[in-house]
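Here are my notes on the model you sent over. Please read them with the structure open.

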Amino acid sequence: ESDTASEISLQLNRHKKTPSIGSHSSDMASVSSVSGSVLSVYSGDFGSVDAQGTVEFALDYDEKNREFQVHVSQCKDLAVVDEKKGRSDPYVKTYLLPDKARMGKRKTSVKKRTVNPIYNEVLRYKIEKMVLLIQKLNLSVWHNDPLGRNSFLGEIEIDLASWDWSNRKLHWYPLKPRSLSAVNGVDHRGVMSLSIKYVPPGSLGKWPKNPPSGEVHIWVKDVKDLLQLRPSGVDSFVKCYVLPDTSKKSYQKTRVIKRDTNPVFNHTIVYDGFHTEDLKDACVELTVWDHEKLTNHFLGGIRLGLGTGLSYGISVDWMDSTQEEVAFWQEMMLAANEWIEGLLPLRSL
């Protein structure tokens, strides 16, 4: 067979729970750090100016329309971004955390050439009150750059669970540098415990060519500390693809574990059709999803591969494994027929 992506026959020939594999387990390796990058929440340049000034806003919840409203009034004494021209072109942006993607961002208009912008705009979120109460509001002020390198001017973060909802009046709040929670924890999406194993072609030796082609075994054990996006909990399951193959024969998933932020899956998937040289060009993508009636919602994932940015000589954005993910994959490549255990942080993909 040639080494092209189209020729990898990734067949899901076995799909089962395998408690018996537990006899192979040993103490899990610890994760050195969870890399919660603030760049996954914000886009722009943090280093150019120091946060200063204040922002005036009010919060309200419209029970009738089930709508969260952020009334952004104005800002005062913002930092000057372009000192030569003595100007800032500020706007206000809001997210609901921990999962900014679920509800999306809201932005005011841009006010040009002022450090004291007046907005009087309402940013609105259609959201149930009980769901809102397990969120945090992140409100940040930015200088708008025509070339896209927007500069961070300050922020405030509010825990909505402890907010006084009878307070609908406008108040002034000091803008702060990017928060420690944003730097250290906003993108923490949980940690997956799993084992992987590569079985080279013909390596089992019981009869000729057993197995006839190489196999990658993926044992998804459990996930700890998933994001809880609604009060009733999380109904989670794991999807798996071996990229670049995104066809149905590459797709596999676990069962759904209901109302549990620490689900135990204990589920093994085996892909065959692998040659040893394919391991440098393929990538196992495992993603965790919250199962809902209308649409499943992405919670986090990992990508196991060499992280080279290339697959079969073609530049691809999904070959982006972190250092921990790359090290895990390399260890599997170097230890044929051995289960390699890992504990890897879920991340945005």
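The points below go from the whole chain to single residues.

1. Status and overall content. This is a predicted model. The protein holds four helices and 19 strands. Of its 349 residues, 49% are buried.

2. Contacts and surface. Take the contacts in the protein with a separation of 6 or more: 70% of them join residues 24 or more positions apart. The exposed area of the protein is about 17000 Å². Carbon and sulfur atoms supply 50% of that area.

3. First sheet to check. Four strands form an open sheet in the order β5-β4-β7-β8, and the pairing is antiparallel. Its edges are β5 (106–107) and β8 (151–159). Each has a single partner strand, so one side of each lacks a neighbour in the sheet.

4. The β7 and β8 pair. Strand β7 covers residues 136–143. It pairs with β8 in the antiparallel sense, over eight bridges. For a register check, use His143: its bridge partner in β8 is Ser151.

5. Another sheet. A further open sheet of four strands runs β6-β3-β2-β9, again with antiparallel pairing. The edge strands here are β6 (118–126) and β9 (171–174), each pairing on one side only. On average, neighbouring strands of this sheet are turned by 30 degrees against each other, direction ignored.

6. The β2 and β3 pair. Strand β2 (residues 54–62) and strand β3 (residues 67–76) run antiparallel. Nine bridges join them. One register marker is Glu56, whose bridge partner in β3 is Gln74.

7. Length of helix α4. Does the span of this helix fall short of the expected value or agree with it? Helix α4 takes in residues 323–334, which is 12 residues. At 1.5 Å a residue, it should span 16 Å. The end C-alpha atoms are 16 Å apart, so the two agree.

8. Faces of α4. Which residues of α4 are buried? They are Glu325, Val326, Phe328, Trp329 and Met332. These buried residues cover an arc of only 160 degrees around the axis, which puts them on the same side of α4. The general background is simple: an α-helix has 3.6 residues a turn, so residues three or four places apart point the same way. Note that a glutamate, Glu325, is in the buried set. The face turned away from the buried side carries Gln323 and Leu334, both exposed.

9. What α4 packs against. The buried residues of α4 pack against five strands, by name β10 (191–199), β11 (214–224), β15 (283–290), β16 (297–304) and β19 (340–345). View these strands together with the buried side of the helix.

10. Backbone outliers, background. Most residues other than glycine have a negative phi, and most peptide bonds are trans. The next points list exceptions.

11. Cis peptide. The bond between Leu243 and Pro244 is cis, with omega about 15 degrees. Pro244 sits in the loop between β12 (236–243) and β13 (252–253).

12. Asp225. This residue is not a glycine, yet its phi is positive, near 65 degrees. Asp225 lies in the loop between β11 and β12. Its relative accessibility is 44%, so Asp225 counts as partly exposed.

13. Asn266. Where does this residue lie, and what is its phi? Asn266 is in strand β14 (residues 264–274). Its phi is positive, about 45 degrees, although Asn266 is not a glycine. With a relative accessible area of 23%, Asn266 is partly exposed.

Technical notes: Residues are numbered from 1 along each chain as its sequence is written. This is a predicted model: local features need pLDDT of at least 70, side-chain atom pairs count only at pLDDT 80 or more; totals for chains, interfaces and linings use all residues. Side-chain values use heavy atoms; hydrogens and water are left out. Two strands pair if DSSP finds at least two bridges between them. Helices (H or I, at least four residues) and strands (E, at least two) are DSSP runs, numbered from the N terminus. Buried means under 20% relative accessible area, exposed over 50%, partly exposed in between (1.4 Å probe, protein chains only). Contact means heavy atoms within 4.5 Å. Accessible areas come from the Shrake-Rupley method with a 1.4 Å probe; for residues, only the protein chains shown count as cover. The expected span of a helix is 1.5 Å times one less than its number of residues. The arc is that of the directions from the helix axis to the C-beta atoms. Axes are lines fitted to C-alpha atoms, for helices over the stretch in contact, and angles run from 0 to 180 degrees between N-to-C directions.
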